[in-house]
Amino acid sequence: MSNTTSFPAFIARKSADGQVTAGVERLTFGELPAGDVLIRVAYSSLNYKDALASQGHPGVVRTMPHVPGIDCAGTVDESTSPDYRPGDQVIVTGYDLGSGHWGGYAEFVRVPAEWIVPLPSGLTLRQTMIYGTAGFTAAQCVTAIVSHGIEPKRGPVVVTGSTGGVGSIAVAILAKLGYEVEAVTGKLEHHEWLRKLGAHTILGRDDVSDSSDRPLLRSRWAAAVDTVGGKPLAMILKSTEHRGCVAACGLVAGVEVPLTVYPFILRGVTLAGIDSANCPRPERLEMWKKLSGPWHISQLESLADEITLDELPDRIQKILAGRIVGRTIVVPQSKMI
């Protein structure tokens with residue numbers, strides 16, 4: 001490809017006075033970061049981290065200008081790596097994509113070969129992005145619970161943020177594996193949707209709220225997938241049964257967890273922290289093997305909404321406001337330029 005050939009991308013820029021704006025522009029191949037493999041992107045997806053990146057959040061973005069998009073799936077266009085050839089279908093999730101490195105909100109990305117995963121057998125490129133980092137994270141959360149030896153007969157599993165990307169996929173996977181899932185949401189209009197995903201019980205946000213200063217609460221759940229952090233995570237830890245496991249992966253409710261050590265030393269509760277960006281490659285491949293095989297959920301398409309680069313600004317505001325349900329996949333095309 002010529003370095004002057006252009007393609008559409010969604011890019012965030014910072015002005016001299018510190019204001020960050022983001023929109024669709026045409027970039028050239030000469031502007032792309034270095035990497036072993038050039039990928040023509042078919043799909044990306046929208047995650048909370050992408051919304052923060054679009055605003056130049058310093059905890060996500062290291063340098064500006066910046067192209068967000070922590071996920072991408074597409075076809076190899078050029079490669080200097082012996083592991084990938086033009087025409088190969090591949091995916092990239094995590095690592096530095098969309099944070100320290102320009103991401104998937106462009107028709108083309110260039111990445112290191114070690115970040116790439118071949119398209120998992122049994123999934124289409126589109127399906128991998130419905131899962132994306134959200135599904136990958138959900139699979140790690142469920143793996144933490146299963147690996148802890150918690151079987152369905154042990155009792156219910158609570159999932160917070162259950163209408164979001166990670167939460168909704170976690171609900172569906174857990175239900176498929178036979179767990180009794182209690183889904184927490186503040187969205188009354190989506191109760192039936194959650195039941196179709198497999199939720200046994202729907203809880204409100206007040207059900208995971210505790211204003212007392214008690215170090216322990218009545219045991220309610222054998223395990224949990226927490227996508228929100230903050231006070232709800234503290235309440236869940238205090239309410240988890242003996243030798244239970246809580247997989248934590250989010251922070252929209254806060255980064256401070258008001259808690260004593262009692263859940264850990266009196267009930268032996270395990271708090272399993274889930275990080276996706278730097279998941280080791282063997283585990284990464286194993287997660288995709290599960291998502292494309294025994295953990296593949298039949299309701300996957302019902303979770304997805306598809307947009308183009310032009311529609312990103314509106315969706316970014318919605319995800320920041322907590323008004324997104326399920327998964328949004330992004331086709332890196334534009335009618336505006």
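**Exercise 1. Identify the residue of β12 that bridges V225, and place this contact within the strand pairing of the predicted model.**

Solution. The bridge partner of V225 in β12 is A247. The two strands concerned are β11, residues 221–226, and β12, residues 240–248, and they pair in the parallel sense over five bridges. Strand pairing of this kind is made through backbone hydrogen bonds, either parallel or antiparallel. Between β11 and β12 lies helix α5 (residues 230–238), and the three elements make a right-handed β-α-β unit.

**Exercise 2. Determine which strand pairs with β12 through A248, and derive the strand order of the sheet.**

Solution. A248 stands opposite G273, a residue of β13. Strand β13 covers residues 270–273 and pairs with β12 in the parallel sense over four bridges. The open sheet to which these strands belong has six strands in the order β10-β9-β8-β11-β12-β13, with parallel pairing. Its edge strands are β10 (201–203) and β13, each of which pairs on one side only. On average, neighbouring strands of this sheet are turned by 20 degrees against each other, direction ignored.

**Exercise 3. Test whether the end-to-end distance of helix α3 agrees with its number of residues.**

Solution. Helix α3 comprises twelve residues, 165–176. At 1.5 Å a residue, the expected span is 16 Å, taken as 1.5 Å times one less than the number of residues. The end C-alpha atoms are 17 Å apart, which agrees with the expectation. After the helix comes G178, whose phi is positive, near 100 degrees.

**Exercise 4. Decide from its buried residues how far α3 is enclosed by the rest of the structure.**

Solution. The buried residues of α3 are G165, V166, G167, S168, I169, A170, V171, A172, I173 and L174. The criterion for buried is under 20% relative accessible area. Ten of the twelve residues meet it, so α3 is largely enclosed by the rest of the structure.

**Exercise 5. Classify the packing of α2 against α3 by angle and handedness.**

Solution. Two packed helices are described by the angle between their axes and the distance between the axes. For α2 (residues 125–147) and α3, the angle is about 55 degrees and the axes are 8 Å apart. Angles under 35 degrees count as roughly parallel, and those from 65 to 115 as roughly perpendicular. The two helices are therefore oblique to each other. Their crossing is right-handed.

Conventions: Residues are numbered from 1 along each chain as its sequence is written. This is a predicted model: local features need pLDDT of at least 70, side-chain atom pairs count only at pLDDT 80 or more; totals for chains, interfaces and linings use all residues. Side-chain values use heavy atoms; hydrogens and water are left out. Buried means under 20% relative accessible area, exposed over 50%, partly exposed in between (1.4 Å probe, protein chains only). Two strands pair if DSSP finds at least two bridges between them. A crossover is right-handed if, with the strands pointing away from the viewer, the path from the first strand over the helix to the second runs clockwise. Axes are lines fitted to C-alpha atoms, for helices over the stretch in contact, and angles run from 0 to 180 degrees between N-to-C directions. Angles under 35 degrees count as roughly parallel, over 145 as roughly antiparallel, 65 to 115 as roughly perpendicular and the rest as oblique. A crossing is left-handed if the near helix is turned anticlockwise from the far one by less than a right angle, and right-handed if clockwise.
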